[in-house]
Each structure stands twice: as C-alpha cells, then as structure tokens.
Amino acid sequence: MTGTDLAAALAGARVMPVLTVPSTATAAPLADALAAGGARCAEVTFRTPDAEQVLKAMAAHGGLAVGAGTVLAPEQAERAVAAGARFVVSPGFDEEVIEKCRELGVPVVPGIANATELMRAQKAGITTVKLFPAESLGGLRALRALAAPFPGVRFVPTGGIGADQLAGYLADPAVLAVGGSWMATTDHLRRGDYDEIRRLTAAAVEVCTP
Ligand code: 3PG
C-alpha cells in the first residue's frame, strides 16, 4: 500500500476503529464483528504483549485493512510490518519512524498536536496526519484553527472521540477519517461482547455513509 492508497482507503472508510486487544484469542471474533459492522480498516495498537500476534491474526482475516498503532520506534515498525501491518500510525512525529516506514515501503500516519509538529511533518513530505489527542486539544475548534494554514494536509483526529462527535468531525473538509476506540473498547473485549462491537461499528459506519 502506498501513501496515496492509504489516503484513499481512509477517505473511503472515514472511520478507523483503534484497538487495544488483550489476547490473541479475541482477534478473530473481533475482526469478524468489525467486518460485520461494515468497518473497512482497523488500527491495532502496540500496547499489549500480544499485539504482534493479534495483528497477524487480524491481518489474516482478510476483510479489513489492518495497520499498527502506537508505533513509537523504528524497530516496532519493522515488527509491525513483519506481522502484516499495511500501514503504521504513531501518536507523535518521529523522523526515525518515518524513515523506517519509507524503507519498508509502508505508509505512515504520524501524530501531531501543534503547528510546529505539522511543519516538521510537511517538511518530511507527509500530507496525512493524526491529530492526537484531538478532544483534549480542543476538538473541532482546535482542528479548524490548526488546519487553516495547511490546506494540503488532511487529518485523522483521534483521542477522546465518541459516537456523538463523529458527524461533526466528518463534516469538516480537512478531516479524512476519524479514529477511536469507542466501537471496540478493552472492556467490550474482556466481556467478549462482540454483538455490541458490531452494533457500535455499524452505527458509526452509518454516520459515515453519505
Ligand atoms: C489512540 O491510540 O489513537 C488513542 O488512544 C485512541 O483514542 P481513544 O481511545 O480516546 O479513542
């Protein structure tokens, strides 16, 4: 997948479930529930010991474009791609992670939280960024203010966003897609509540459908 492919995939999906999966056993039913709800992509965060195995299992599912999230270091990007990640997401902007992703031929969406980081990202040739943590930074108002001087950049706001804020973000032309964990929380996964994951995913996908 190239950066252009990823931007097109995100523009098509418009919502990206962000997953912190406690055990590999939950990967297959989770992928089933997300796909049944109409999700097209998902980000598996590197925040659990099983993240690599989860990524592998979810990538093998085939129904979703699965990427790795919370990638903080180049060696994590390497492990993520080896496990089948089709894209890499980072909470912040790190040149070494960007460099490694380019070397690996995998698109990367770095996190930015202010104009300085956005300028660094732009200098590195990045045009799709994650605004993180979006709600704590001021939500849509912050996004609009930040987007104004950077007309060539598209945003994937993530962090503290729930079903109620989704439509508002999606209506902004600077927003490519919205990320969030509300569709499949660690609590849902611990309870094995895949019906609820499917329901929340379907509700989000409906909001994204023009
Ligand atoms: C992330 O890693 O992108 C965020 O932790 C997801 O944010 P949320 O859990 O507030 O949706």
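# Notebook: salt bridges, cores and odd backbone spots

I began with charge pairs and counted 10 salt bridges in the structure. A reminder to myself before going on: this is a predicted model.

**Entry: the Arg-79 group**

I looked up Glu-52 and found a salt bridge to Arg-79, with the closest N and O atoms 2.5 Å apart. This pair links distant parts of the chain, since Glu-52 belongs to helix α3 (residues 51–61) and Arg-79 to helix α4 (residues 74–82), 27 residues apart. Side chains of opposite charge can pair when their charged atoms come close.

Next I asked myself which side chain meets Glu-75 in a salt bridge. Arg-79 again: the N to O distance there is 3.2 Å. Here both residues lie in helix α4, four residues apart, which is about one turn of the helix.

I then checked how open these three are to the outside. Glu-52 has a relative accessible area of 28% and is partly exposed. Arg-79, at 32%, is partly exposed, and Glu-75, at 43%, is partly exposed too.

**Entry: Arg-144 and Asp-172**

Another bridge I looked up joins Arg-144 to Asp-172, where the closest N and O atoms are 3.0 Å apart. Arg-144 sits in helix α8 (residues 139–147) and Asp-172 in the loop between α9 (163–170) and β9 (178–180), so this bridge ties together parts that are 28 residues apart in sequence. Are the two partners buried or exposed? Arg-144 comes out as partly exposed at 46% relative accessibility, whereas Asp-172 is buried, with a relative accessible area of 8%.

Back to the earlier trio for a moment: salt bridges that share partners join Glu-52, Glu-75 and Arg-79 into one network.

**Entry: the nonpolar cores**

I turned to the inside of the fold. The largest nonpolar core has 61 residues, and those with the most contacts inside it are Leu-19, Leu-30, Leu-34, Leu-55, Met-58 and Phe-155. Which helix gives the most to this core? Helix α11 (residues 194–208) does, with six residues.

I picked Met-58 for a closer look. Leaving aside neighbours within four places in sequence, Met-58 is in contact with Leu-19, Ala-27, Leu-30, Ala-31, Leu-34, Val-44, Leu-64 and Val-66. Apart from this large core lies another, of 12 residues, including Leu-6, Leu-10, Val-109 and Leu-176.

**Entry: the record for the N-terminal stretch**

I checked UniProt, where an unreviewed entry lists residues 1–27 under "signal peptide". In the model, residues 1–27 are 44% helix and 19% strand. The C-alpha atoms at the two ends of this stretch are 22 Å apart.

**Entry: rings and a cis bond**

I searched for aromatic pairs and the structure holds zero. A charge over a ring did turn up: Lys-130 lies over the face of Phe-132, at 4.8 Å from the ring centre. Phe-132 has a second point to note, as the peptide bond from Phe-132 to Pro-133 is cis, with omega near -5°. I placed Pro-133 in the loop between β7 (128–131) and α7 (134–137).

**Entry: positive phi**

Most residues other than glycine have a negative phi, and most peptide bonds are trans. With that in mind, I went looking for exceptions in phi.

Arg-14 is not a glycine, yet has a positive phi of about 70°. I found Arg-14 in the loop between α1 (3–13) and β1 (15–19). Its relative accessible area of 18% is under the 20% cut-off, so Arg-14 counts as buried.

Thr-70 is another non-glycine with a positive phi, of about 55°. This residue is in the loop between β3 (65–69) and α4. Where does Thr-70 stand in accessibility, buried or exposed? At 13% relative accessibility, Thr-70 counts as buried.

**Entry: Gly-192 and Pro-29**

Last, I looked up Gly-192, which is in the loop between α10 (186–191) and α11. Gly-192 is partly exposed, with a relative accessible area of 35%. How many residues along the chain separate Gly-192 from Pro-29? They are 163 residues apart, and their C-alpha atoms are separated by 8.8 Å.

Methods
Residues are numbered from 1 along each chain as its sequence is written. This is a predicted model: local features need pLDDT of at least 70, side-chain atom pairs count only at pLDDT 80 or more; totals for chains, interfaces and linings use all residues. Side-chain values use heavy atoms; hydrogens and water are left out. A nonpolar core is a set of buried Ala, Val, Leu, Ile, Met, Phe, Trp, Tyr and Cys residues joined through side-chain atoms within 4.5 Å. Buried means under 20% relative accessible area, exposed over 50%, partly exposed in between (1.4 Å probe, protein chains only). Contact means heavy atoms within 4.5 Å. UniProt positions are given in the numbering used here, feature names are shortened, and annotations may be inferred rather than shown by experiment. A salt bridge is a side-chain nitrogen of Lys or Arg within 4 Å of a carboxyl oxygen of Asp or Glu. Rings of Phe, Tyr and Trp (its six-membered ring) pair if their centres lie within 6.5 Å; planes under 30 degrees apart count as stacked, over 60 as edge-to-face and the rest as tilted. A charge sits over a ring if NZ of Lys or CZ of Arg is within 6 Å of the ring centre and within 35 degrees of the ring normal.
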